[in-house]
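Could you take me through this model, starting from a turn and working outwards to the whole chain? Here it is for you to look at as we go.

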Amino acid sequence: GGYVTVRAELVSGRERRVYTLTDRGHQAFLVAVEAWMEVTRALIDAGAVAGHDLPATARPDDPACC
């Protein structure tokens with residue numbers, strides 16, 4: 001899909017594969033993270049509505065979160 005590149009690398013006599021995100025892969029990752037954060041915010045809000053308030057540090061918009 002063009003999301004990653006792969007290259008072989010020799011480490012201590014063993015071949016390892018090193019995967020790297022392409023620009024396309026990085027963009028797809030950012031879209032996926034934003035989608036996950038939307039779900040997380042909805043779950044946190046649903047918990048607050050149900051009376052199970054979470055501490056401020058658990059909010060996805062808090063830099064210390066996640």
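Ser12 sits in the loop that links strand 1 to strand 2; helices (H or I, at least four residues) and strands (E, at least two) are DSSP runs, numbered from the N terminus. This is a predicted model, in which local features need pLDDT of at least 70 and side-chain atom pairs count only at pLDDT 80 or more, while totals for chains, interfaces and linings use all residues. Residues are numbered from 1 along each chain as its sequence is written, and side-chain values use heavy atoms, with hydrogens and water left out.

**The turn and the hairpin**

Ser12 is not a glycine, and yet its phi is positive, at about 50°. Most residues other than glycine have a negative phi. Is Ser12 buried or exposed? With 74% relative accessibility, Ser12 counts as exposed, because buried means under 20% relative accessible area, exposed over 50%, and partly exposed in between (1.4 Å probe, protein chains only).

The loop belongs to a hairpin, in which 2 residues separate strand 1 from strand 2. Strand 1 covers residues 4-11. The two strands run antiparallel and pair over 8 bridges; for strands to count as paired, DSSP must find at least two bridges between them. Two of the facing positions are worth finding on your screen: Glu9 stands opposite Arg16 in strand 2, and Val6 stands opposite Tyr19 in strand 2. How many of the 8 residues of strand 2 are buried? The number is 0, so strand 2 lies largely in the open.

**Val4 and its neighbours**

Val4 is part of strand 1. Its relative accessible area is 46%, which means that Val4 is partly exposed. Leaving aside residues up to four places away in sequence, Val4 touches Tyr19, Thr20, Leu21 and Thr22, where contact means heavy atoms within 4.5 Å. Between Val4 and Leu21 the C-alpha to C-alpha distance is 4.4 Å, although they are 17 residues apart in sequence.

**A nonpolar patch**

Val4 also takes part in a nonpolar patch on the surface, together with Tyr3, Val6, Tyr19, Leu21, Phe29, Leu30 and Val33. Together these residues have about 760 Å² of accessible area. Strand 1, strand 2 (14-21) and helix 1 (23-49) are the elements that give two or more residues to the patch. Which element gives the most? Helix 1 does, with 3 residues. Patches are made of residues with over 30% relative accessible area and no salt bridge, like charges being joined within 9 Å and nonpolar side chains (Val, Leu, Ile, Met, Phe, Trp, Tyr) within 5 Å. The areas come from the Shrake-Rupley method with a 1.4 Å probe, and for residues only the protein chains shown count as cover.

Phe29 is found in helix 1. At a relative accessible area of 46%, Phe29 is partly exposed. Phe29 and Tyr3 are 26 residues apart in sequence, and their C-alpha atoms are 9.2 Å apart.

**Salt bridges**

Side chains of opposite charge can pair when their charged atoms come close. The structure holds 2 salt bridges, a salt bridge being a side-chain nitrogen of Lys or Arg within 4 Å of a carboxyl oxygen of Asp or Glu. The table lists them with their N to O distances.

| Basic residue | Acidic residue | N to O distance |
|---|---|---|
| Arg7 | Glu9 | 2.8 Å |
| Arg41 | Glu34 | 2.8 Å |

Arg7 has a relative accessible area of 44% and is partly exposed. Its partner Glu9 counts as partly exposed at 31% relative accessibility. In the other pair, Arg41 is partly exposed with a relative accessible area of 28%, and Glu34 counts as partly exposed at 38%.

**The chain as a whole**

Stepping back, the protein chain has 1 helix and 2 strands, arranged along the sequence in the pattern β-β-α. Of its 66 residues, 11% count as buried. The accessible surface of the chain comes to about 5400 Å², and 59% of that belongs to carbon and sulfur atoms. Among contacts between residues at least 6 apart in sequence, 2% join residues at least 24 apart.
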